[in-house]
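Please open the model in your viewer and keep the sequence panel beside it. The tour below moves from selection to selection, and each stop says what to pick and what is found there.

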Amino acid sequence: MFRSLFVRLMVTYFVIILSALLILGILLSSFFQSYIMETRKAELTREGEAISQYIRLYLLGFIDSRTLHYQYQIIDRFLGVTIWVTDERGYIWSSYNSSELEQVDWENQKLTLDEFVQVLEGNSITRIGRFGESFPVPVLTVGMPLKINDRIAGTIFLHSPIQGINRTLRDTYESIWRSAILSSLLSILLLYVISRRFSRPLTEMNLISREIATGNFKRRVRIRTRDEVGQLAMNFNAMADALEKLELMRRTFVANVSHELKSPLTSMRGYIQGVLDHNIDREEEEKYLRIALDETERMNRLINELLDLSQIQTGQFSMKFRVFDINETIRRVLIAREDQINEKGMDVEVDFEREECLVEGDPDRLQQVVINLLDNAIKFNRPGGLITLKTWQFKDLVYVKVADQGPGIPSEEIPHIWEPFYQTDKSRSGKKSGTGLGLSIVKKIIEGHEQNIWLNSQTGEGSAFIFSLKPGRKQ
Ligand SMILES: Nc1ncnc2c1ncn2[C@@H]1O[C@H](COP(=O)(O)OP(=O)(O)OP(=O)(O)O)[C@@H](O)[C@H]1O
Ligand SMILES: [Mg+2]
C-alpha cells in the first residue's frame with residue numbers, strides 16, 4: 001500500500017500536519033488551562049481583598065449586614081463563590097453560599113484545617129480540591145488573613161467551583177479542536193492536489209518508459225510545471241525523441257544494407273545460373289562471369305565501408321595521430337586518380353598556400369577523406385569541368401577545400417548528405433555508382449579529429465567541401 005509515491009507523500013505530509021496540530025493543540029490547551037486558573041485565582045484574590053475592606057467597614061459599624069451581604073451577592077454573580085469569614089479561633093461568623101452549589105448553613109462551624117492555620121499565620125493560600133470534604137465537588141479556594149489595625153483578626157476563604165472553570169476550558173478546547181479538524185480536512189484536500197501534481201508526471205514517465213522498452217516511441221509526457229520534475233519530464237521527452245530517431249535510423253540502415261546487398265546478389269545469381277544452365281553462348285560466358293566478379297567486388301567494397309563506419313561509430317577505431325604534410329597526401333591521391341580525370345577531360349587546379357602544410361592527424365584516415373571527396377568531385381563534376389584543391393591556414397587552423405563545377409546540392413538536402421546511404425535525387429545527377437556511405441565516413445573521421453566539415457553548394461553552381469585540421473609542428 002505504501003509503495004506508491006503518491007500514497008507515501010500523502011501519508012507523510014498528513015502525519016506531519018497531524019502531529020503538528022496535535023502538539024499545538026496540547027500546548028494551547030495546557031496554556032489556556034493554566035491561564036484560566038491563574039486569572040481565576042487573581043480574580044478571587046482581588047475580590048477577597050475587596051471583601052476584607054467591607055468587613056472592616058462592617059466591624060467598624062459603617063455598613064450594616066445587609067450591605068455586606070449585598071456585596072457577597074455581587075461577587076457571587078461574577079465568580080459563583082462561597083464565602084467564609086472566621087474569627088481567629090476558626091469559627092465562621094459570616095458566610096455566603098455559592099449560587100452554583102447546594103445550600104449549607106456554614107455559620108458557627110469551626111475550621112481546624114491546616115490551611116486555616118497557615119492563613120492565620122499571615123499567608124495567602126490557593127488550593128484546588130474539596131477542601132477537606134467540605135464540598136461535594138472540587139473547588140478552587142483562595143484564603144487570606146483578615147487584618148484589622150495591622151492585627152490578624154480572622155480569615156477570609158473564597159471557594160469557586162471548578163465546574164465553572166472547566167466549562168470555560170471545555171469551550172476553549174472545543175474551539176481549538178474544531179479548528180484543528182477543519183484545518184486537517186483542508187490540508188488533506190491541498191495535500192491531495194499537491195501530491196497528485198507531483199507524482200503524476202513520474203507515474204506517466206514510468207508508464208511511457210515501459211512502453212518505450214517494448215518499442216513504442218510515440219507517447220510523450222505532458223509538461224505541467226517548470227520545476228525539477230518538469231525539467232525531468234522535458235529531458236525525458238528529449239530522450240524519447242532521440243531514441244525514436246535512432247530507432248528509425250537503425251531501421252532504414254538495415255533496410256538500405258539489405259537492399260544494397262540484394263541487388264548485386266540477384267544479378268550474380270542470374271548470371272551464374274545462366275552459365276550453369278548453358279543458356280548463354282560459350283563466347284558470352286566469360287563476359288557474364290566478369291560482370292558477376294565485378295559485383296562481388298562491389299559487395300566487398302560495400303561491406304568494407306560498412307565495417308569502417310560501424311567501427312568508427314562504436315569508437316573501436318583507434319586513430320594513430322602524427323604530424324604529416326597534407327599537401328603530399330593530396331598530391332598522391334591526385335596521381336592515383338590522374339587517369340580517371342584525364343578520361344573525363346577535366347581540369348585540376350591545385351592552390352597550396354605553402355609548399356608544405358603540416359597537420360596533426362591520422363594520415364591514412366585523412367587520405368581516405370581526400371579520396372572520398374575527390375571521387376565525388378570526379379563523379380559529379382560536369383564533363384570537362386574544373387576541380388579545385390586548396391589548402392591554407394587561417395588563425396589556428398588549417399583548411400582543405402575540394403570543389404567541383406557539378407550540379408551542386410540543393411540547400412534542403414545539405415543536412416542529409418552526411419547520413420549513411422543518403423543520395424540526392426538521381427534523376428538530376430544521372431545514374432551514378434555508389435552507395436551513399438562515402439560522406440558519412442568522411443564526417444565521422446573529421447569528428448574523430450574534433451574538427452568540422454562544411455559544404456558550400458547551390459544548385460547548378462558546383463559544390464565546395466571544406467574541412468579544418470589542427471596544424472602540426474615538425475618534431
Ligand atoms: N561533389 C558533389 N556534387 C554533387 N553531389 C554530391 C557531391 N558529393 C556528394 N554528392 C551527393 O551526396 C550523396 C552522398 O555522397 P556520398 O559520397 O556519401 O555517396 P556516394 O558518392 O553516392 O557513394 P559512395 O561514396 O559510398 O561510393 C551523393 O550520392 C550525391 O548525391
Ligand atoms: Mg562518394
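Begin by colouring this predicted model according to its domain assignment, which gives domain 1 as residues 5-167, domain 2 as residues 228-314 and domain 3 as residues 322-471. If you then place a marker at the centre of domain 1 and another at the centre of domain 3, taken over C-alpha atoms, the two markers are separated by 108 Å.

Next, select the whole chain as a C-alpha trace and turn it along its principal axes, where its span is about 160 × 60 × 40 Å. In cartoon view, 10 helices and 12 strands can be followed along the chain. The radius of gyration is 53 Å, well over the 23 Å that the globule rule gives for 475 residues, so the chain is more spread out than a compact globule. Of those 475 residues, 21% count as buried, while residues 24 or more positions apart account for 63% of the contacts with a separation of 6 or more.

Now turn to the interior and select I326, V369, V370, L373, V402 and V442, which touch the most other members of the largest nonpolar core, a set of 29 residues. Extending the selection to α7 (326-343), α8, β9 (386-394), β10 (397-403), α10 and β12 (463-471) shows the elements that each supply at least two residues of this core, and among them α8 gives the most, with 7 residues.

Which residues is I326 in contact with, once its neighbours within four places in sequence are left aside? Display C357, V359, L366, T391, V398, V400 and L469 together with I326, and these contacts can be inspected one by one. For a second stop of this kind, select Y72, Y96, L111 and V142, which are included in a separate core of 27 residues.

The last stop is ligand 1, which is surrounded by 21 residues, the closest being Q423, T424, G434, G438 and L439. Selecting α8 (363-380) and α10 (438-448) highlights the elements that give two or more residues to this shell, and the largest share, 4 residues, comes from α8. Colouring the shell around ligand 1 by class separates 8 nonpolar, 12 polar and 1 charged residues.

Before leaving, keep α8 selected and look at both settings in turn, since this helix gives the most residues to the largest nonpolar core and also provides the largest share of the shell around ligand 1.

Notes:
Residues numbered from 1 in each chain as written. Chains lettered and ligands numbered in written order. Predicted model: local features only at pLDDT ≥ 70, side-chain atom pairs only at ≥ 80, totals over all residues. Near = placed C-beta within 6 Å. Nonpolar A, V, L, I, M, F, W, Y, C, P; charged D, E, K, R; others polar. Domains from an automatic or database assignment. Core = buried A, V, L, I, M, F, W, Y, C linked by C-beta atoms within 7 Å. Buried ≥ 20, exposed ≤ 12 C-beta atoms within 10 Å, placed from the backbone. Contact = placed C-beta atoms within 7 Å. Rg over C-alpha atoms; globule rule 2.2 N^0.38 Å.
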